[in-house]
Amino acid sequence: MFDDPHGHRRRIVTVTGVMVGLLCLCVLAIGASVLYADPQPPATHPAEAVEAPPLPR
């Protein structure tokens with residue numbers, strides 16, 4: 001049906017398939033990072049890490 005002696009059409013289809021696959025992997029990675037993000041990230045300030053009443057002055 002199609003005469004493609006140099007495989008140009010096959011190369012285009014292969015590159016398109018690889019790009020679509022990489023795009024899907026990126027979308028899955030972003031979705032997984034959003035779904036599995038820690039709702040309470042570790043404290044960055046020492047006062048946030050300790051749940052103790054403040055010391056009197």
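User: How much area does the chain expose, and what share of it do carbon and sulfur atoms supply?
Analyst: The chain exposes about 5,900 Å², with 69% supplied by carbon and sulfur atoms. Accessible areas here come from the Shrake-Rupley method with a 1.4 Å probe, and for residues only the protein chains shown count as cover. This is a predicted model, where local features need pLDDT of at least 70, side-chain atom pairs count only at pLDDT 80 or more, and totals for chains, interfaces and linings use all residues. Residues are numbered from 1 along each chain as its sequence is written, and side-chain values use heavy atoms, leaving out hydrogens and water.

User: What percentage of the residues is buried?
Analyst: Buried residues are 0% of the 57 in the chain. Buried means under 20% relative accessible area, exposed over 50%, and partly exposed in between (1.4 Å probe, protein chains only).

User: How many helices and strands?
Analyst: Two helices and zero strands. Both are DSSP runs numbered from the N terminus: helices are H or I with at least four residues, strands E with at least two.

User: Where is Leu28?
Analyst: Leu28 lies in helix α1, residues 8-35. Leu28 is exposed, at 60% relative accessible area.

User: Switching topic, how many disulfides?
Analyst: Zero. The cut-off for a disulfide is a pair of cysteine sulfur atoms within 2.5 Å.

User: Why no bond for Cys24?
Analyst: Because the closest cysteine sulfur, in Cys26, is 9.4 Å from the sulfur of Cys24, too far for a bond.

User: And are those two buried or exposed?
Analyst: Cys24 is partly exposed, with a relative accessible area of 43%. Cys26 is also partly exposed, at 46%.
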